[in-house]
Amino acid sequence: MTVAVPLSLTEAFDELSRTPEARLIQGGTDLMVEINFNHVKPVDVIALRRIKELRTWQVNSNNTITIGSGVPYQEMELGQLKELLPALAEAARTVGSPQIRAAGTLGGNLGTCSPAGDGLPVLFALDAIVHLQSAVTSRDLSIHEFMLGVKRNARNANEIITGVTVPVLDGWQGYAKVGVRNAMVISVASACLAVDKANNSVRIALGAVGPTIIRCRDAESWLEQQIDLAVATSIDMTMAKEFGRRVALESKPIDDHRSTAEYRRHAVGVLAQRLITRAYSS
Amino acid sequence: MSNSIGNEMYTLRINGQDRSVKDAWVGESLLYVLRERLELPGAKGACEQGECGSCTVLMDGDAVCSCLVMAATAVGADIVTVEGLIEKDPSMASTAEVITSQITDVQQAFIEEGGVQCGFCTPGLIVAVHHLLDKNPDPTELQVKESISGNICRCTGYGRIFAAVEAVVQVRKASR
Amino acid sequence: MSTVKQDTRTRDILGTSALRPDGVAKVMGSFSFSSDMWAENMLWGATLRSPHPYARIISIDTTAALLISGVSAVITAQDVPGKATYGLISADQPVFASEFVRYMGEPVAAVAADHPETCRRALAAIIVNYEVLTPIVDPELAMLVTTEQIHPDGNLIRHQKIICGDPHISGDITVEGHYTIGMQDQAFLGLEAAMAFPDSGGNGVELHIATQWLHEDRGQIAACLKLPEDNVRLVLGGVGGAFGAREDISLQVHCCLLALRTGRPIKMQYSREESFFGHVHRHPAQIWMKHHATQEGKIVKVESRMVFDGGAYTSTSPAVLINGITHTQGPYQCDNAVVDGYAVRTNNPPCGAMRGFGVVQACFAHESQMDKLAQACGLSPVEVRLINAMHTGDKLITGQVMESVAPVERCIRETDAIPMPEPLAANANVLEFPGGSGRTADRQNIVRGIGWGVSMKNLMYSEGFDDYATARCTLSNGIASLKFATAEVGQGFVTLAPQIARSVLGVDDVVLETSDTQIGSAGSTSASRQTWMSGGAVDGACRLVRERLFEHVGKLHNIDPIRLMIEHTDVIDTIGTFRISVTEATQGITLSETFEHHHRKTEDLDANGQGNCHVAFAFVAHRAVVDVDIELGLVKVVQIATAQDVGRVLNPLSAIGQIEGGIAQGLGLAVMEEIIMDNGRVKNPSFTDYLLPTALDAPRVVAVMIEEPEPQAPLGAKGIGEPPCISVTPAIVAAIRAATGKALSRVPVRPQDICL
């Protein structure tokens, strides 16, 4: 078994071509659990933590932000990233514990692609673009095409997720996650809502209630027809409740040891109602 | 030039010293390497999945779970364990030889305020609290709780731990 | 461990917050837990466990495992030289399963190898042929005589009735309910670990082990190894918490067997997942209860039927059941009772001791009932409890007279007097809301509720069991040395024992010798008993030494010893002017005495559950304030107010530590902790899904310690470990009921129970 710790993307691709079966590891918060529990025995590993270009983020001139796949969650909770992407900051804060947030990354969330991944509903709500690079290619994939199912994504084995680009929307955005205790919980149900005033639209994405993150497009278009999302300053309770009901209808939750489908469906409806109410309470 | 590690020696920087790791299975966690190879048993393992914080160490200034760090990937990082927090004579041997009278104010407060019962969570908490107070010398009650929300204690119910942190904050403030 | 306090103006005697002698090592990370042990030439041991809750073993083939390089031994049931089974009350649990496996995780084999990874491969190479059977997981079904008996001893572990007073009497008011208590886990952090050193010649073994009761372990181990007890020496390793989970054997026999087989030291340690399978849990229970009362709310009769699911093996189920049913009445006067209790064997995981030991389950039921009674009678939760509060001298439903100090009314009143927390501010930090950083709630979604719970808890062991404790005190050159087998599991006996010696002998310097089986038994660290029992033993031994000291000084200085006493750190003549420091008086001499402390005798219960079966009791009241997000069913416990009957505070810091820690565990059972079973399978054996309270879940605890010294207790102090975790659970559930109007008859309460 070999472990490579490249210092640049170029070196990383060299390693990957040498050991194409290598597992990529960033923060280790998913892969090391698998290894510790003996579920995974990687033969070769390429650690990405020393690749500086993956740990940066920037505001682009077209009002988008590109976040490197190695930026830890704790960085998304503060400063300009928090100002420009408040929903992402809120989601980042709910990830695990401070120790996990120091190591966990969006790259990891995307690589693992669990429907309970805390950052994913935000990426879905913002229609994020996922950047994938291999030694010789580079491509951008919509998040909606990237996540294929439970822990399945469209990354090719020779590719590294280098980052995501999301728009800076003009409008309220927020995130909520249901868990039974006040820290370190795997999401039972979560939701991200973002208002896009420029396009008179709203986006709502749900986590942990389906095989992938769910964008509730029916509920979104219904709401867009009810009120002028760009100028409204309030929303009446009946409408918010109906929005919640429609959102819940689009969820596909299951029963498992963490919760029941019935509760999860109920919860996302409540979250949606509350998020839209927050968005439109002047 | 990248560093490819097979079944060879690699070097980790622990508590300011270069420590070599030999003949290791490179999938081992940093927690395992610290405890079983480097004679630094201060970090404890209680869950192997980052859910308890007993294994907390500092890595490049961040508090992380060492059970989730693949040891061989931690080359080049500055790692501090609970053993490295005390003010030691740098010429002393690096491992378990520590000087009882030189425990930190945080460690002293944990003892004096009753923050230690069985002690299994204690090293991880000591590291986490040092990390908190280094970054935020005057935290609110909620900031304290949030910063140690990743450290499970099963014995104390946290009350005496909060008291210990508060005691350190007050003493450090008074001496500034 | 030396415990010298430099400043002798304030000595670390009883009543002070003396600091832990092991505190420095623990904060430095140098304290050796049993998982920190290492030995030259050691091998690692690991256990193969059944993946099925119920199956017949057709064959076990270990040949492939033995061929793996690095593997030194593979053992199964046929390799157990002595008794094939063990158990605390009934030796019905196999060291290794041979014919049947009866619970998921039951040990089938063990290996010794040079590296944990080699062990894993060896375990994977053992081929076990199972005939999978349908597990019996419903205790009601298991109890029926027509059901398949899953063990030669039968499915009914114990049945006990209590019939007291007039079984046919009834009250004008009746309230009843059916209550469900889920399976809680002790979840101590210090995972199971041990190191066994075989004697050369193979006739003995030394086991370093984190456990609760060295001597009880030794007896069971020796029988299985077919060795004389003297040749099985146990040494207490550093224990990372216990809470009942270390009372039963886990890896002890396996570790010793591998050591004797290989002739080398064997280290075994469990992962968290294995730990969930490797120890007993709290009994899940179904309890029906009916209270009859007068119009004014005074209890006339209580009826109950309790079914405790003991899982596959007996462990301490018979005793847990008795604790449960004898506490049916709670801390309330009750002249008439009809109680039927069953402990049942199923293919669920074995259940046994966990802090509270059967009373947790009974208390959830009786406190839920008291609130129903209050409502039916138009009384407040406090009023109904005050009206019925027990007093010293009252007769229990077992016929036993409550001889303990019983300040129930005072516990309630003093809890009631504790100020309420501030209301939740509109602009409070999101971390204060239910849901925390998940930002699920807005202020208007949150409703506050207040709830009460009061409990009684027996102390020490019951039903005729003589759980004595032994200690030896040696005094020489001004230094007291204490020897005891008492298991320190974090509770602080190692802090208390030196305090006792300092108080009795007037020394400051106290050394604690190793806790091992080279001295008599101290009994188990459980049942809130060690302060009373081991404290009593240390106190007794120190007093004997003090007597000898006075004899010695009296002889040397021609003073009648009866005139002598200890003042500060001197021996003084109470009538004359003579004074000599204890240090000087003990120069060049050694005084040593061993003392066994026994509690008073108790009796078995007869067929009607009548008998003086308990030693003593402690009482506590809890008031819980919770904030609930009604629509999402999420809960934040804001404050727990409590007044606890502690007898005498021997160490304020240790005492509050037990109270806060116990409350956290009771909170866990109320809202988040449960081992989730599905047809005999454990669904959540990890900390990801077995949720323990974090620092953000901890409520503010305001505690009052009620000191009415208990005359029976050697130091006047009652045990304090268990009461904090017992009535806090129903108090929290009652608070959630108050906030939501939901009936809530199960713990833990889940979000869907509240909002759907």
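Chain B has 5 helices and 6 strands, and keep in mind that everything here comes from a predicted model. If you walk along the sequence of chain B, the elements come in the pattern β-β-β-α-β-β-β-α-α-α-α. Below, we look at chain B and its two domains, then at where chains A and C meet, then at two sheets, a few cysteines and a buried glutamine in chain C.

**Chain B as a whole**

- Chain B has 176 residues, and 64% of them are buried.
- Take the contacts in chain B with a separation of 6 or more: 52% of those link residues that sit 24 or more positions apart.

**The two domains of chain B**

- How is chain B divided? Domain 1 covers 10-82, and domain 2 covers 84-175.
- The centres of domain 1 and domain 2 of chain B, taken over C-alpha atoms, are 19 Å apart.
- The two domains touch each other: 23 residues of domain 1 of chain B are in contact with 19 residues of domain 2 of chain B.
- Between them, these two domains of chain B bury about 1600 Å², and carbon and sulfur atoms give 59% of that area.

**A residue to look up in chain B: I126(B)**

- Find helix α3 of chain B, residues 122-135, and you'll find I126(B) in it.
- Is I126(B) buried or exposed? I126(B) is buried, because its relative accessible area is 0%, and the cut-off for buried is under 20%.
- Leaving out residues up to four places away in sequence, I126(B) touches V82(B), L85(B), V106(B), Q107(B), F110(B) and V27(C).
- One of those partners, L85(B), is 41 residues from I126(B) in sequence, with 8.9 Å between the two C-alpha atoms.

**Where chain A meets chain C**

- The size of an interface is often given as the accessible area lost when the parts come together.
- For chain A and chain C, that buried area is about 2900 Å², with 52% of it on carbon and sulfur atoms.
- In terms of residues, 31 from chain A are in contact with 37 from chain C.
- Which three residues supply more of the area that chain A buries against chain C than any other three? They are R181(A), N182(A) and R274(A), which together supply 26% of it.

**A sheet of 4 strands in chain C**

- Strands of a sheet pair through backbone hydrogen bonds, either parallel or antiparallel.
- One open sheet in chain C has 4 strands in the order β18-β26-β27-β30, and its pairing is mixed.
- The edge strands are β18 (446-459) and β30 (700-706) of chain C, and each of them pairs on one side only.
- Neighbouring strands of this sheet are turned by 15° against each other on average, ignoring direction.
- β18(C) pairs with strand β26 of chain C (residues 616-629) in the antiparallel sense, over 14 bridges.
- Want to see one bridge up close? Look for V454(C), whose bridge partner in β26(C) is A621(C).

**A sheet of 3 strands in chain C**

- Another open sheet in chain C has 3 strands, ordered β6-β2-β8, with antiparallel pairing.
- β6 (100-101) and β8 (127-132) of chain C stand at the edges with a single partner strand each, so one side of each is left without a neighbour in the sheet.
- Strand β2 of chain C (residues 55-61) pairs with β8(C) in the antiparallel sense over 6 bridges.
- In that pair, S59(C) stands opposite N129(C) of β8(C).

**Cysteines without a bond**

- How many disulfides does the structure hold over all chains? The count is 0.
- Why is C334(C) not bonded to C164(C)? The closest cysteine sulfur to that of C334(C) is the one in C164(C), but it is 6.7 Å away, which is too far for a bond, because a disulfide needs the sulfur atoms within 2.5 Å.
- C755(C) is in no disulfide either, and its nearest cysteine sulfur, in C216(A), is 19 Å away.
- C334(C) counts as buried at 3% relative accessibility, and C755(C) is buried too, with a relative accessible area of 15%.

**A buried glutamine in chain C: Q93(C)**

- Q93(C) sits in strand β5 of chain C, residues 93-94.
- With a relative accessible area of 8%, Q93(C) is buried.
- Not counting neighbours within four places in sequence, Q93(C) is in contact with A84(C), T85(C), Y86(C), Y103(C), Y313(C) and P350(C).

Notes:
Residues numbered from 1 in each chain as written. Chains lettered and ligands numbered in written order. Predicted model: local features only at pLDDT ≥ 70, side-chain atom pairs only at ≥ 80, totals over all residues. Heavy atoms only, no water. Pairing = 2+ DSSP bridges. Helix = DSSP H or I, 4+ residues; strand = E, 2+ residues; numbered from the N terminus. Axes fitted to C-alpha atoms, helices over the stretch in contact; angles between N-to-C directions. Buried < 20%, exposed > 50% of the residue type's maximum accessible area, 1.4 Å probe, protein only. Domains from an automatic or database assignment. Contact = heavy atoms within 4.5 Å. Buried area = accessible area lost by both parts, 1.4 Å probe.
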